[in-house]
Amino acid sequence: MSESDTKKPKSKFAPNADQARLRSLGAKVRKRLAGNSAVYKVPSDEVELWAMGDFMTAAECQKMIELIDATAKPSRVSGLDYSDGYRTSYSGDVDPTDPFVKKIGRRVDDLLGVDPKFGESIQGQRYMPGQEFQPHHDWFHPDTSYWETEMGRGGQRSFTTMAFLNEVEAGGTTDFTDIGLSLEPKPGVLLIWNNATPEGLTNSRTMHAGRPVQAGAKYIFTKWYRAKEWF
Ligand SMILES: O=C(O)CCC(=O)C(=O)O
Ligand SMILES: [Fe+2]
């Protein structure tokens, strides 16, 4: 028995408990996106990442921005406080019962071809100058306080979808720090990435950050998908 075994109660979930699910979901989404000529595959051998322009119209971006302004509160990262400076943006779930929010959610579900039940609620996020989201993975790490809860309510995060809603005056890029990729916010663009490898293992190279906004504001929404039905 190693020392760490004695410190933490044993989890019900193995570190790669959802490997088979993540592998088959990856194959399904990869195939679907490859068949969509409006989707661009960002070249990388390390992270499966796609971008789609004009996912949202200018009017839809504006409407989403208004909903975000109405709901955003200081962001929380599981296990961390706003005061830690790790994620200093404002965020909040936009009303999942709102017909407009439902429509956008369905559009993402349909683009990926994933069971809508696997999708989390759409989360809006606003960054003002100096605000950022430091490098992190969207997938859950086994060695955390939230592992047991999150793995028990939908399993591992499979895909991330993230839409840029406005032009940022300066700063606010989304950087994939391990693979040296920096993406400028462009309104209406949706990014999609697989948090797992094609084999279904959590991919450490998906490390990414929302860099500090230097001027203006940055609005995005994020919709994450799980390996199983989320609730
Ligand atoms: O703001 C960004 O560019 C990144 C946001 C992000 O990583 C997240 O919401 O998980
Ligand atoms: Fe993220």
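This short talk walks through two sheets, a core, a ligand shell and one unusual loop residue. Keep in mind that the model is predicted.

Let's start with the eight-stranded sheet. It is open, and its strands run in the order 1-2-11-7-14-5-4-3. The pairing is antiparallel. Which strands sit at the edges? They are strand 1, residues 39–42, and strand 3, residues 73–74. Each of these pairs on one side only.

Two helices pack on this sheet. Take helix 3, residues 58–71. Helix 3 touches strand 4 (90–93), strand 5 (123–127) and strand 14. Its direction makes about 80° with that of strand 5. Now helix 4, residues 99–112. Helix 4 touches strand 7, strand 11 (190–194) and strand 14. Its direction makes about 55° with that of strand 14.

Next, the middle of the sheet. Please find strand 7, residues 157–164. Six bridges join strand 7 to strand 14. Five bridges join strand 7 to strand 11. Both pairs run antiparallel. Thr160 is a good landmark here. Thr160 stands opposite Trp224 in strand 14. In strand 11, the bridge partner of Thr160 is Trp193.

Stay on strand 11. Strand 2 is joined to strand 11 by four bridges, again antiparallel. There, Trp50 has Ile192 as its bridge partner. Is strand 11 buried or exposed? Five of its five residues are buried, so strand 11 is largely enclosed by the rest of the structure. Look at the directions too. Leu190, Ile192 and Asn194 point one way. Leu191 and Trp193 point the other way. As a general rule, side chains in a regular strand alternate between the two faces of the sheet.

On to the core. The largest nonpolar core has 38 residues. Which of them touch the most other members? They are Leu112, Val114, Phe159, Ala163, Leu165, Ile192 and Ile220. Several elements give two or more residues to this core, among them helix 2 (19–34), strand 2 (49–52), helix 3 and helix 4. Strands 7, 11 and 14 do so too. In soluble globular proteins, nonpolar side chains tend to be buried together.

Zoom in on Val114. Leaving out residues up to four places away in sequence, Val114 touches Leu25, Val29, Asp109, Gly119, Phe159 and Tyr225.

Now the other sheet. It has four strands, is open, and follows the order 6-12-9-10. Its pairing is antiparallel as well. Strand 6 (133–136) and strand 10 (181–183) stand at the edges. Each has a single partner strand, so one side of each is left without a neighbour in the sheet. From one strand to the next, the twist averages 10°. Three bridges join strand 9, residues 174–176, to strand 10. In strand 10, Leu181 is the bridge partner of Phe176.

Then there is the ligand. Which residues surround ligand 1? They are Gln125, Phe133, Asp138, Thr174, His208, Gly210, Ile220 and Thr222. Strand 12 (208–210) and strand 14 (218–226) each give two or more residues to this shell. By type, the shell has two nonpolar, five polar and one charged residue. Note that Ile220 appears in this shell and also in the core list.

Last stop, Asp54. Asp54 lies in the loop between strand 2 and helix 3. It has a positive phi of about 55°, although it is not a glycine. Is Asp54 buried or exposed? Asp54 is exposed, with 12 other C-beta atoms within 10 Å.

Key:
Residues numbered from 1 in each chain as written. Chains lettered and ligands numbered in written order. Predicted model: local features only at pLDDT ≥ 70, side-chain atom pairs only at ≥ 80, totals over all residues. Near = placed C-beta within 6 Å. Nonpolar A, V, L, I, M, F, W, Y, C, P; charged D, E, K, R; others polar. Pairing = 2+ DSSP bridges. Contact = placed C-beta atoms within 7 Å. Axes fitted to C-alpha atoms, helices over the stretch in contact; angles between N-to-C directions. Core = buried A, V, L, I, M, F, W, Y, C linked by C-beta atoms within 7 Å. Buried ≥ 20, exposed ≤ 12 C-beta atoms within 10 Å, placed from the backbone.
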